[in-house]
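Visitor: I am new to this structure and should be grateful for a close look at a single part of it. Please show me the place where the two chains meet, and then lead me outward from there.

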Amino acid sequence: MPLLPPRWRLLFLVVAALSLPVIAGIVWLFLTGSFDEVHGLVPTGPLALKRWRFLWESIGNRPPIHVPLLNSMVFSVVVSVVVVTVASMAAYAISRLSFPGRSMYLGLVLMLHAFPAVSLIIAIFYILRLLGLFDTLTGVILVKASLDLPLGIWLMKGFFDSLSWEMEMAALVDGMSRWTLFWKIALPLVRPGVLALGTFSLLSAWGEFILPFTLIVSTRSWTMALYLQSFIGEVFTDYRVAAAVGLFYALPVIVLFLLGQRYLLNVYSGGVKG
Amino acid sequence: MKGISVRLEGLTKHFGKVVALQALDLDIRAGEMVAFLGPSGCGKTTTLLMIAGIYQSTAGQIYFNERRVDHLHPRDRDVGMVFQSYALYPHLILFENIAFPLRLKRTPQAEIEQKVRQAADLLGIGHVLDRRPAQVSGGQQQRAALARALIKEPQVLLLDEPLSNLDAQIRLQARGEIRRLQQQIGVTSILVTHDQAEALAMADRIAVFSMGKLQQLATTDDLYLRPANVFVARFVGHPPMNLLEGGFENGHFTMGTLSIPVPSGHLKGGGSLGIRPEDATLDGEVPARVVVIEPLGRETLVTLRLGEMDFKVLADQAARPTLGTEVRLGYRRDRVHLFDQAGKRVAP
């Protein structure tokens with residue numbers, strides 16, 4: 001590898017220094033989850049598999065691992081599908097159609113995007129109770145999807161804005177309705193955006209803690225985040241078991257991130273044509 | 001002729017407060033190719049998009065034969081359209097691009113195959129049908145767009161600056177091809193262009209637009225020999241017509257100290273006199289000084305200083321004068337154009 005030019009070397013050092021705590025945390029997670037004794041970041045005991053026993057038996061009065069795992073999967077996938085579907089349609093309408101209140105709606109979406117969602121949690125609690133959706137996965141899915149939608153709509157709008165008008169005119173003249181035009185021309189052309197937003201909301205839902213923590217009580221509706229949290233006690237925490245569970249919880253994210261980082265870059269570069 | 005006639009009645013389009021098109025009446029005959037010619041922002045593309053059904057007209061009616069279509073969705077109008085950017089679907093191979101209108105009509109696969117191959121071979125793109133638009137040349141994209149527009153055998157073919165994104169050389173070739181194809185099929189066509197050479201070469205008749213208004217609809221010859229007003233006179237023809245502004249009196253046109261006898265002796269008041277550079281000569285009576293000489297190969301474009309203005313003369317190569325010398329400007333009496341104060345043609 002050729003040597004980096006001086007100013008890049010400095011940048012590299014800064015980035016490395018900033019990343020160090022995060023990397024150390026991940027290494028700690030790996031080591032503590034795998035070895036019997038760990039001093040600092042140095043394993044001193046033999047490999048220990050007994051803290052992974054949560055994989056094959058229930059621990060305490062917690063549900064077996066497949067329950068929160070399945071719940072988390074359903075939660076993330078459904079949230080992601082809902083966000084992508086609704087955001088694409090809304091964004092297409094905003095980008096391409098003129099309707100009364102369009103600019104006001106745009107402003108509202110932007111404001112909602114900037115709004116701290118946690119401050120709504122009590123109102124959300126009451127609404128879900130009213131709807132009979134409190135303590136259900138469906139309820140949390142609805143809430144999480146709604147909170148992710150403003151970002152999704154803005155992102156997808158950026159992608160749709162970059163499509164050529166002439167191409168849509170051609171599609172109309174060729175005999176398409178707006179609806180088929182959306183499905184057969186516009187949506188396939190913003191595929192990078194769909195994949196980016198899909199991956200983004202999948203990850204965001206997978207890591208979501210506050211909403212399930214507040215809106216779910218019964219253990220049968222637990223997500224992985226709640227399962228992990230249950231190992232962190234007020235008085236005593238067995239960090240070794242917590243680390244093993246945490247590692248298990250993080251693995252899918254790491255895999256998905258490696259697969260989807262190409263698309264995720266699109267989210268963070270602001271919906272420039274991919 | 002399988003083409004249909006297109007009739008526009010009082011067609012008007014407003015964008016907010018901007019009037020893009022003002023009460024346009026226009027008759028296009030079956031099987032004819034009409035060019036909409038004008039500078040950008042003159043309303044020609046707006047008109048085309050209203051005929052296609054993409055824009056809703058603010059007022060007025062559009063008829064295909066005797067059928068009123070202005071309230072119909074584009075897909076129910078049976079038009080084919082080629083866009084300046086070609087507007088091919090980038091995610092589909094050329095075959096699917098061309099086949100798209102047929103797929104929407106649920107045409108059987110065998111018929112689609114046969115029609116697409118036929119159209120592609122006719123346009124010479126049969127060997128690139130399995131490529132995507134980005135993988136073929138601009139000329140091939142343009143042909144694919146044309147094939148897509150023609151594949152459903154439309155009643156009207158709309159061409160929106162179809163050649164402006166092509167290289168000069170391919171453009172000349174494509175110009176001839178489109179015209180030949182159009183005449184062969186006999187489809188009524190409208191060509192929008194800002195390039196007069198294109199309009200003159202391809203169209204049966206030309207509609208000249210300016211400021212959202214139709215200035216003149218005429219054949220190439222009429223447009224050139226009898227421009228309806230000063231705008232058309234200046235816009236059509238290259239190099240443009242010389243227009244002298246002055247007044248008419250006693251059978252003469254006067255501008256400053258200059259006095260030129262005109263054929264229509266009855267004219268009075270302000271107006272302008274137009275002489276095309278090719279109708280002027282350097283062996284007349286009006287004294288003028290040579291200020292610029294541009295050799296064009298076959299001819300020479302000579303710019304003269306005439307009173308307060310420049311006057312261009314297209315002279316024979318052999319008759320090229322010397323820069324700075326005094327010459328005698330002449331003109332063909334039967335080829336002068338006279339316009340009144342409002343710019344309207346009054347004679348001959």
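**Where the chains meet**

Guide: Between chain A and chain B there is one salt bridge. The model is a predicted one, and every value in this account is computed from it. The partners in the salt bridge are Asp174(A) and Arg148(B), whose closest N and O atoms are 3.7 Å apart.

The contact around this pair may be described from both sides. Chain A contributes 15 residues to the contact, and chain B contributes 24 residues. The size of an interface is often expressed as the accessible area lost when the parts come together. Here the area buried between chain A and chain B is about 1700 Å², and carbon and sulfur atoms account for 68% of that area. On the side of chain A, the residues that lose the most area to chain B are Glu166(A), Val173(A) and Asp174(A), which together make up 39% of what that side buries. Asp174(A) therefore appears twice in this picture, in the salt bridge as defined by a nitrogen-to-oxygen limit of 4 Å and among the three residues that lose the most area.

In addition to the salt bridge, five residue pairs are found in polar contact across the interface of chain A and chain B, with both residues at pLDDT 80 or more. Two helices of chain A, H6 (165-174) and H7 (178-189), each supply at least two residues of the side that touches chain B. Of the elements of chain A, H6(A) gives the most to that side, with eight residues. By class, the side of chain A that touches chain B comprises ten nonpolar, two polar and three charged residues.

The chain that carries these helices may now be seen as a whole. Chain A contains eleven helices and two strands. Along the sequence, its pattern reads α-β-β-α-α-α-α-α-α-α-α-α-α. The C-alpha atoms of chain A fill a box of roughly 70 × 60 × 30 Å, taken along the principal axes.

We turn now to the partner. Chain B is divided into domain 1, residues 6-231, and domain 2, residues 242-347. The C-alpha centres of these two domains of chain B lie 39 Å apart. Where the domains meet, eight residues of domain 1 of chain B are in contact with ten residues of domain 2 of chain B. The area buried between these two domains is about 730 Å², and carbon and sulfur atoms give 56% of it. Three residues, Tyr224(B), Pro227(B) and Val230(B), supply 65% of the area that domain 1 of chain B buries against domain 2, more than any other three residues.

The rule finds zero salt bridges across the interface of domain 1 and domain 2 of chain B. Five residue pairs are nevertheless in polar contact across this interface, both residues of each pair being at pLDDT 80 or more. On the side of domain 1 of chain B that touches domain 2, helix H7 (residues 220-225) of chain B gives the largest share, three residues. The residues of that side divide into six nonpolar, one polar and one charged.

A loop of chain B also deserves attention. Pro239(B) is placed in the loop between helix H8 (230-235) and strand S11 (242-249) of chain B. The peptide bond from His238(B) to Pro239(B) is cis, with omega near -5 degrees.

Chain B also contains paired strands. Strands of a sheet pair through backbone hydrogen bonds, in either a parallel or an antiparallel sense. In chain B, four strands form an open sheet in the order S2-S1-S4-S5, with antiparallel pairing. Its edge strands are S2 (18-28) and S5 (67-68) of chain B, each of which pairs on one side only. Strand S4 (residues 59-64) of chain B is joined to S5(B) by two bridges, and Phe64(B) stands opposite Arg67(B) in S5(B). In the loop between S4 and S5 of chain B lies Asn65(B), whose phi is near 50 degrees, a positive value in a residue other than glycine.

Further along chain B, strand S14 (residues 269-275) and strand S19 (residues 337-340) run antiparallel and are joined by four bridges. Ser272(B) has Phe339(B) in S19(B) as its bridge partner. S19(B) also pairs with strand S20 (residues 345-347) of chain B, in the antiparallel sense and over two bridges. There the bridge partner of Leu338(B) is Ala347(B) in S20(B). The hairpin of S19(B) and S20(B) has four residues between the strands, and in it Gly343(B) takes a positive phi near 90 degrees.

Key
Residues numbered from 1 in each chain as written. Chains lettered and ligands numbered in written order. Predicted model: local features only at pLDDT ≥ 70, side-chain atom pairs only at ≥ 80, totals over all residues. Heavy atoms only, no water. Domains from an automatic or database assignment. Contact = heavy atoms within 4.5 Å. Buried area = accessible area lost by both parts, 1.4 Å probe. Salt bridge = Lys/Arg side-chain N within 4 Å of Asp/Glu carboxyl O. Polar contact = N/O pair within 3.5 Å; in protein donor to acceptor, adjacent residues only side chain to side chain. Nonpolar A, V, L, I, M, F, W, Y, C, P; charged D, E, K, R; others polar. Pairing = 2+ DSSP bridges.
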